[in-house]
Amino acid sequence: MIELKFGQRKVVNFRGARKVVGGLTEKNKIDILLYISKEFANADKEEELYDIVISLCKDIFECDNTTLRMWKGNLLVPSRFLKETVPPRRDLSPDEGYSGFTFKTRMPLLIQDLTHHAEYIDEGETTRAVMCVPIMYKEDCLGTIAVESDTEFFYREDDLEILEALGSQLALAITSVRLIQGLVHANEREAQILKQLEWDMRMGRNVQSQIVETAIAPWNGLHFGTYYEPMTEVSGDYFNVVRQGNSITAIIVDVSGHGIPAALVTMSIHYQFQRCTSLGMGLSETLAELGESIRPQLPDGTYFTAFILKVYSDYTYSYVNAAHQKMLHYHNGHGRIEELDTQGVPLGIFEVERSNFEEKHGRILPGDILFLPTDGITEQKNEQRQELGNQRFIEWIRQEKSTIEEQRDKIYVSDLVGSLIGRFKRYKGDMRNGDDVSLLALQCNPELGKAKTLLSLAKSAAKAKKDQVAYDKALEVFSMDESLKDSLVLLGKMYYRDRNFEKSVQFLEKYIKTSGEESEHIHYLLGRAYYELENIPEAKRALKRSLAIDHTYAKSSLRLARCYLKDNETPKAIKVLQQGIKSAPTNEYLKISLKKLEELVKRKSGDLVVSEQRKEAV
């Protein structure tokens, strides 16, 4: 089994809250994900996969029990578990227990204390904390994995993320194993095997599609076009765009080989890339981390290339190439297509570090388009065995763009990608694809210059308190491009100031979703707007998010306490203020509010005692 080098986790009381200490480091998590991929890829039978799941859960999560249930005959049947329970496990319907709830909703579940959720357990069970995730093929749920502890508050959200990843990889591994098991009996049931093969591989593609998003929403005036076609049902290509408020980071990857082994590697790359961007790593550092974290677990002879790009709010960009296809920059002003490349090496072959990669910079102007392809496009051959080539593809871009611009002069990147792929298919004719085919394109809104001018006028009008002019200009910008984050936040704040909280929520929510912004102040504004609309659950959610970003942000602590008072949860309100004072000990507003609330509770308690004494006297 995998060697997990970490101390035993335990639950402690910290500042009035239950906290888990010990457990997995970020490095442990990546090692585990890669090890899961390798172990699942080596399994020959579905029963072996079940055993691997139970062993991994025991080592990773230090659980007291693990239960794997598979959907059979309209019931969730316990197929594997670490140890038998008292009372013994039984088959469940989708309306029973936490496993039934997870199966029915198709959503992961984390419960820190089951004593408060008696509906999820049978009488006499000792389980107190549980994580449960579905084993999904996009629409179909094959079963559930439940990790159980007899200690309350034993698991964290990042534990649940690891378990979700394990469930996703198990689904793809089951697809592979069923294929292998089917081939063993090929002579007896060839027709059934072919049908099963088609179904299993299609399900594998559905699982992979959960990590490759092809419908990418625009960001701050940048619009996306994508194409993604595996050579078989599953692909060794991968691309992703991560939003970080004032920037986005895009990556495209090509894993050597095809089919399920390459697809499993892309899943590991996905989780590692998400981790690197969340930690704020630079582009070269991210590529080095990808290579070094994944290389020890790659199948023999497997490697991958990657191109990573970061675009900032001022529309400058940085890029690094790890032996991938060159990025193409179409300059709208003069029609030139620039091939952009840097010094870099493929990943997974040998040890790499940041110095192995060169970083370069550029700027995208209104109407400009960036193209990030994989070599499945340029290396494709036609029926005359002629390779498409990069220069022919560049000429296609010019020709297809010119044709589309005759019909529309605004945002057209999706149409352009569609036209290019249509021409690609006509070129290859009846020849099958020689590789996985992927293309990610980014277009800067051709009207961005006009929008920025109007937005500047709106900000000036708002500052001069010319409200109607400010609204008119900002809404005109919004009508031109709903993704421009400065117009979204300006409208959200203006409506908030004017106490039109319903409109404020609309624009603040869109701003957060579109930009990827994670600032404590924006979530505070959203929380307060929801509070004024008397939507207390959503107000709590936004204010908790604000405090998660910055636990010293006193405004959010004060407003969250008010939310709890609205729900007659005075002890929780006091606890929020106490935690706020610990985080911001110099804030007088928190101290005054806590003192008033404690005095109010004390006075009510005294009144209650007097009332009871009067009742006894009567």
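**Backbone, sheets and helix contacts**

Me: Arginine 385 lies in the loop between helix H8 (375-378) and helix H9 (390-405), in a model that is predicted. What is the phi of arginine 385?

Reply: Most residues other than glycine have a negative phi. Arginine 385 is not a glycine, yet its phi is positive. The value is about 65 degrees.

Me: Which two residues does a cis peptide bond join?

Reply: Most peptide bonds are trans. Here a bond with an omega of about 0 degrees is cis. One of its partners, proline 87, is placed in the loop between E4 and H3. The two residues joined are valine 86 and proline 87.

Me: Which residue meets aspartate 122 in a salt bridge?

Reply: Side chains of opposite charge can pair when their charged atoms come close. By the rule applied, the count of salt bridges comes to 26. For aspartate 122, the N to O distance in the pair is 3.0 Å, within the 4 Å cut-off. The partner is arginine 90.

Me: How many residues apart are aspartate 122 and arginine 90?

Reply: Aspartate 122 is in the loop between strand E5 (109-111) and strand E6 (129-137). Arginine 90 sits in the loop between strand E4 (75-81) and helix H3 (97-105). The pair thus links distant parts of the chain, and the separation is 32 residues.

Me: In the open sheet with the order E9-E10-E11-E12-E15, which strands stand at the edges?

Reply: The sheet has five strands with antiparallel pairing. An edge strand has a single partner strand, so one side of it is left without a neighbour in the sheet. From one strand to the next, the twist averages 15 degrees. The edges are strand E9 (237-243) and strand E15 (360-363).

Me: Which residue in E10 is the bridge partner of tyrosine 238?

Reply: E9 pairs with strand E10 (residues 247-255) in the antiparallel sense. Seven bridges make up this pairing. The partner of tyrosine 238 in E10 is valine 253.

Me: At what angle does helix H7 run to E11?

Reply: Helix H7 (residues 283-294) lies across three strands: E10, strand E11 (304-312) and strand E12 (316-322). Relative to E11, the angle is about 150 degrees.

Me: Are the axes of H6 and H7 oblique or roughly antiparallel to each other?

Reply: Two packed helices are described by the angle between their axes and the distance between the axes. The axes of helix H6 (residues 259-278) and H7 come within 10 Å and cross at roughly 135 degrees. Roughly antiparallel would require an angle over 145 degrees. H6 and H7 are therefore oblique.

Me: Which hand has the crossing of H6 and H7?

Reply: H6 contributes Val265, Ser268, Ile269, Gln272, Phe273, Arg275 and Cys276 to the contact, and H7 contributes Thr286, Glu289, Leu290, Ser293 and Ile294. By class, these residues are six nonpolar, four polar and two charged. The crossing of H6 and H7 is right-handed.

Me: Which residue in E17 is the bridge partner of threonine 226?

Reply: A second open sheet of five strands has the order E8-E17-E16-E13-E14, with antiparallel pairing. Its edge strands, strand E8 (222-229) and strand E14 (337-340), each pair on one side only. E8 and strand E17 (residues 437-444) pair in the antiparallel sense over eight bridges. Within E17, threonine 226 has as its partner leucine 440.

Me: Which helix lies across E8, E16 and E17?

Reply: The helix in question spans residues 413-428. It runs at about 25 degrees to E8. Its name is H10.

Me: Are H15 and H16 roughly parallel or roughly antiparallel to each other?

Reply: H15 and helix H16 (residues 536-549) pack with their axes 8 Å apart, at an angle of about 165 degrees. The crossing of H15 and H16 is left-handed. An angle over 145 degrees counts as roughly antiparallel. H15 and H16 are therefore roughly antiparallel.

Me: Which residues in H13 meet H15?

Reply: Helix H13 (residues 485-497) and helix H15 (residues 520-532) pack at about 40 degrees, with axes 11 Å apart, and are therefore oblique. On the H15 side, the residues met are Ile522, Leu525, Arg528 and Ala529. The residues of this contact divide into five nonpolar, no polar and two charged. Those in H13 are Val489, Lys493 and Tyr496.

Note on methods: Residues are numbered from 1 along each chain as its sequence is written. This is a predicted model: local features need pLDDT of at least 70, side-chain atom pairs count only at pLDDT 80 or more; totals for chains, interfaces and linings use all residues. Side-chain values use heavy atoms; hydrogens and water are left out. Axes are lines fitted to C-alpha atoms, for helices over the stretch in contact, and angles run from 0 to 180 degrees between N-to-C directions. Helices (H or I, at least four residues) and strands (E, at least two) are DSSP runs, numbered from the N terminus. Angles under 35 degrees count as roughly parallel, over 145 as roughly antiparallel, 65 to 115 as roughly perpendicular and the rest as oblique. Contact means heavy atoms within 4.5 Å. Ala, Val, Leu, Ile, Met, Phe, Trp, Tyr, Cys and Pro count as nonpolar, Asp, Glu, Lys and Arg as charged, and the others, Gly among them, as polar. Two strands pair if DSSP finds at least two bridges between them. A salt bridge is a side-chain nitrogen of Lys or Arg within 4 Å of a carboxyl oxygen of Asp or Glu. A crossing is left-handed if the near helix is turned anticlockwise from the far one by less than a right angle, and right-handed if clockwise.
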